[in-house]
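Here are a few notes for your reading of this model. Please keep the structure open beside them and find each residue as it comes up.

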Amino acid sequence: MNEKRSSFSGSIGFVLAAAGSAVGLGNLWRFPYLAAQYGGGIFILVYIILALTFGFALMTTEIAIGRKTGLSCIGAYKALNKRFSFLGYIAWSVPIIILPYYSVIGGWVCKYIAVYLTGQGAAAADGGAFFGAFMSSTAAPLGWFLLFLALTAVVVIAGVEKGVEKVSKVMMPVLVVLIVGISVYVLTIPGTMEGLKYYLLPDFSKFSITTVCAAMSQLFYSMSLAMGIMVTYGSYTRKDVSLVKAVNQIEIFDTGVALLAGLMIIPALFAFQGEEGLTSAGVGLMFQTLPAVFGQMPGGSVVGLVFFVLVFFAALTSSISLMETIVSMLMDRTKLGRKMSCLVVFIVCIVLGVPSSLGFGVWGHILPLGMDFLTFFDFISNSVIMPIVALITCILVGWFVGTKAICDEVSRNGEHFGRKALYEVMVKYLAPVCLVVILVFSVLQGMGIIKV
Ligand code: TRP
């Protein structure tokens, strides 16, 4: 890995790039259905607390490690401590697990672009049956999944990520404005106030350790933490950028988009299906509830089309960044060239993605750990491997490298590191203990020993 590192032009460039990678289906698709399932307001409260403590500590650590060593994940962990180079490999396995099922969902987004383009928006507005029929069929979801994955691969092979990034930088603010607009409209639909209460007011009787586990997995996923991504971004960051500010801005932006996405979906779910909607909320939520909203909205078929196109770009930038991570690592570690590496990754993704796509239909009877394939892969990466990576990172920094090295990196411009004490306690004590607890509960939950 001796190519010269290009760097971001400045703080704004860095924040936008990191936020661009962070904002994706995690915010729009995953956050709302977890919030619906895990008690609404209480889930959000737990999520925000975790973001301000764990998220802040981990993101600061990862970006600082990257900037300090100037290396991406495998090299960076090794440079800090030879015995920890294995951590880079574990972190690297996460994108390999995520990308295939990410592309399955990306395929669903493509399908909905086609639905609105061909004027089927009204048919899709039935609150779930349309989507259920699509998701449980065989050829259609597979085809859309392959299309999305192929698009990602084409962009990565052609090396035109920069072009896509430019487009999506324009699209992202538009997406945020549209989400705000849709949320405002949703709140005018009769019956949404109950849902808004559910979404915003924490009900402590709904709190349990599984809420924390789910919120933590979402935090890792949404902020692209615990997989070495932020280390790589950090390595491209100029030394004069304020890490404290950058971390705050990325966190606020990412969480803001997630909260808005929930605001657009959950109150509407309540209005259409009442409380029962919550129990049936799952991976299809965004595709079931939103078309129903668009169906009521004046001009809804245009709004639906624009919305899914914007989501498509948010998803594509994330999937490109996921594939790029895997490919560049493969190129570093093997003698394969760029094209060959992309091809290998493409094939591996097909092999892993097909079960996720078929798991809602013909392979619906195969249930690893009692979950459909997509949920299974999601669980293994976000609830098992990521907490392990986060735990080992904290141990590495807290007990081997020392938090001082990170704090020095953060305040190398003489900048005041306001939450330094919190940071040190988090990384050394609090985070490792909590992560072990969360890991144990996640695994018990996965094995069906405790229930949601
Ligand atoms: N954070 C992204 C999202 O919210 C998903 C993601 C996870 C990701 N890990 C990543 C994106 C790595 C790019 C690179 O959708």
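1. Keep in mind that this is a predicted model. The points below start with the ligand and then turn to two backbone angles.

2. The ligand is surrounded by 15 residues. Ala22, Gly26, Tyr102, Tyr221 and Ser222 are the closest. By type, the shell divides into seven nonpolar residues, eight polar ones and no charged ones.

3. Which atoms of the ligand have polar partners? An oxygen atom of the ligand lies 2.8 Å from a polar side-chain atom of Tyr102. On the backbone side, an N or O atom of Tyr221 lies 2.8 Å from a nitrogen atom of the ligand, and a backbone N or O atom of Ser222 lies 3.0 Å from a nitrogen atom of the ligand. The ligand taken alone exposes 360 Å², and the protein buries 100% of that.

4. The ligand takes up the space of the largest cavity. Four elements each give two or more residues to the shell around the ligand: helix H1 (11–22), helix H2 (25–37), helix H11 (209–222) and helix H16 (300–333).

5. Look next at Ser224, in the loop between H11 and helix H12 (229–235). Ser224 is not a glycine, yet has a positive phi of about 50°. Is Ser224 buried or exposed? With a relative accessible area of 8%, Ser224 is buried.

6. Leu369 also is not a glycine and has a positive phi of about 50°. The loop between helix H17 (338–358) and helix H18 (373–401) holds Leu369. Leu369 is partly exposed, because its relative accessible area is 41%, and partly exposed covers the range between under 20% and over 50%.

Conventions:
Residues are numbered from 1 along each chain as its sequence is written. This is a predicted model: local features need pLDDT of at least 70, side-chain atom pairs count only at pLDDT 80 or more; totals for chains, interfaces and linings use all residues. Side-chain values use heavy atoms; hydrogens and water are left out. A residue is near a molecule or strand if one of its heavy atoms lies within 4 Å of it. A polar contact is a pair of N or O atoms within 3.5 Å; within protein, one must be able to donate a hydrogen and the other to accept it, and residues adjacent in sequence count only if both atoms are side-chain atoms. Accessible areas come from the Shrake-Rupley method with a 1.4 Å probe; for residues, only the protein chains shown count as cover. On a 1 Å grid over the protein atoms alone, a cavity is a set of points where a 1.4 Å probe fits but cannot get out, and a pocket is an open set with protein on both sides within 12 Å along at least five of seven lines; lining residues have an atom within 4 Å of a point. A molecule sits in a cavity or pocket if more than half of its atoms lie within 2 Å of its grid points. Ala, Val, Leu, Ile, Met, Phe, Trp, Tyr, Cys and Pro count as nonpolar, Asp, Glu, Lys and Arg as charged, and the others, Gly among them, as polar. Buried means under 20% relative accessible area, exposed over 50%, partly exposed in between (1.4 Å probe, protein chains only).
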